[in-house]
Protein chains: 2
Amino acid sequence: MVNYHSVPLDATFHALADPTRRAILMRLAKGPLLVGELAQPFDMSLPAVSKHLRVLSQAGLLAQEKSGRVRRCTLLAAPMRDAAQWIRHYRQFWEGQLDALDHFLRSTGPPMEPK
Amino acid sequence: MVNYHSVPLDATFHALADPTRRAILMRLAKGPLLVGELAQPFDMSLPAVSKHLRVLSQAGLLAQEKSGRVRRCTLLAAPMRDAAQWIRHYRQFWEGQLDALDHFLRSTGPPMEPK
DNA sequence: GTGATAGTTAACCATGTGGTTAAATATAAT
DNA sequence: ATTATATTTAACCACATGGTTAACTATCAC
């Protein structure tokens with residue numbers, strides 16, 4: 001049972017599963033930011049933010065460019081595009097399953113209905 | 001404290017971050033399956049599969065319809081559509097950042113450059 | 001009834017996660 | 001050289017995760 005986030009898609013979805021990390025990505029979507037700027041609005045310590053940045057880096061979603069004692073964080077889009085593609089690839093099937101959902105809801109009925 | 005009120009997205013992305021769960025979803029995309037049928041191709045115990053199914057259920061991605069001593073699992077698409085929408089919403093920005101990636105790669109040089 | 005079948009729950013284990021504070025590192029400013 | 005600033009690393013904590021085996025529940029078949 002080694003690093004089960006070694007698969008790129010695993011790492012990408014894992015990175016997206018945390019609201020702090022999604023917020024970081026949302027802010028970086030508007031342009032690169034320094035670590036300190038990135039951390040400022042969050043109510044958590046700098047090391048906590050640093051850990052989130054490491055998760056994002058390991059998922060290939062973030063590049064850090066060191067410039068003096070400052071680190072400029074840049075969003076990298078490619079892995080997220082892969083994630084979107086995975087979802088899109090199955091969307092046709094899911095949409096085919098929407099009728100199955102209706103059937104399921106009808107067959108089980110409201111929670112308190114006598115069986 | 002920032003509230004991103006995005007707990008469902010957390011659950012959806014977390015569910016997608018595991019290759020076993022993605023494989024389960026991929027198979028369910030072709031139509032409902034019983035738990036046993038679902039578990040058969042995986043090299044892990046039934047309780048392990050059962051746990052994955054519970055994660056998927058809690059993420060709202062799976063419905064289980066009990067019929068006799070058998071449970072029919074049906075994929076529910078809606079949360080996945082929300083996840084895709086989250087990604088799609090930021091795609092325009094990421095694509096704007098592709099040039100920033102090029103700039104980053106040029107400015108930092110090859111990976112093994114001496115520090 | 002007895003037994004087989006489908007599946008979950010319980011208890012456990014090793015490791016991962018998300019957070020903390022304190023110390024370390026590196027660079028800039030004086 | 002000293003000090004302040006930006007950021008990471010280390011050590012720690014409580015809890016979650018992904019897996020196991022064993023025991024339990026529920027249903028079907030005889």
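**Notebook: aromatic cluster, a buried arginine, DNA strand D**

I began with the rings: A:Phe13, A:Trp86, B:Phe13 and B:Trp86 form one aromatic cluster. I note at the outset that this is a predicted model.

I counted aromatic pairs over all chains and got 3. I took A:Phe13 with A:Trp86 and found the ring centres 6.1 Å apart and the planes at 80°, so I logged this pair as edge-to-face. The two residues are 73 apart and link distant parts of the chain, with A:Phe13 in helix α1 (residues 8-16) of chain A and A:Trp86 in helix α5 (residues 78-108) of chain A. I checked burial for both: A:Phe13 and A:Trp86 are buried.

Next I looked at A:Phe13 against B:Phe13, which I entered as stacked, with 6.1 Å centre to centre and 25° between the planes. This pair joins two chains, because A:Phe13 lies in helix α1 of chain A and B:Phe13 in helix α1 (residues 7-16) of chain B. I read 0% relative accessibility for A:Phe13, which therefore counts as buried. B:Phe13 is also buried, with a relative accessible area of 0%.

**Cysteines**

I searched all chains for disulfides and the count was 0. I looked up A:Cys73 and found it buried at 0% relative accessible area. For B:Cys73 I noted a relative accessible area of 0%, hence buried.

**A:Arg22**

Is A:Arg22 buried or exposed? I found 2% relative accessibility; the limit for buried is under 20%, so A:Arg22 counts as buried. A:Arg22 sits in helix α2 (residues 19-28) of chain A. I followed its side chain to a polar contact with the side chain of B:Asp10, at 2.6 Å. I also took the C-alpha separation of A:Arg22 and A:Leu56, which is 9.7 Å for residues 34 apart along the chain.

**DNA strand D**

I listed 23 residues around DNA strand D; A:Gly36, A:Ser50, B:Ser45, B:Lys51 and B:His52 come nearest. Of the strand's atoms within 4 Å of the protein, 62% belong to sugar and phosphate.

I sorted the surface near DNA strand D by class and had 9 nonpolar, 7 polar and 7 charged residues. From chain A, α3 (35-39), α4 (46-58) and β3 (70-75) each supply at least two residues there, as does α4 (46-58) of chain B. I noted α4(B) as giving the most, with 4 residues.

Then I went through phosphate oxygens of DNA strand D. One is 3.0 Å from a side-chain N or O atom of B:Arg21. For B:His14, I found a phosphate oxygen 3.5 Å from an N or O atom in the side chain. At A:Arg71 the partner is a polar backbone atom, 3.2 Å from a phosphate oxygen.

Terms used:
Residues are numbered from 1 along each chain as its sequence is written. Chains are lettered from A and ligands numbered from 1 in the order in which they are written. This is a predicted model: local features need pLDDT of at least 70, side-chain atom pairs count only at pLDDT 80 or more; totals for chains, interfaces and linings use all residues. Side-chain values use heavy atoms; hydrogens and water are left out. A residue is near a molecule or strand if one of its heavy atoms lies within 4 Å of it. A polar contact is a pair of N or O atoms within 3.5 Å; within protein, one must be able to donate a hydrogen and the other to accept it, and residues adjacent in sequence count only if both atoms are side-chain atoms. Ala, Val, Leu, Ile, Met, Phe, Trp, Tyr, Cys and Pro count as nonpolar, Asp, Glu, Lys and Arg as charged, and the others, Gly among them, as polar. Buried means under 20% relative accessible area, exposed over 50%, partly exposed in between (1.4 Å probe, protein chains only). A disulfide is a pair of cysteine sulfur atoms within 2.5 Å. Rings of Phe, Tyr and Trp (its six-membered ring) pair if their centres lie within 6.5 Å; planes under 30 degrees apart count as stacked, over 60 as edge-to-face and the rest as tilted.
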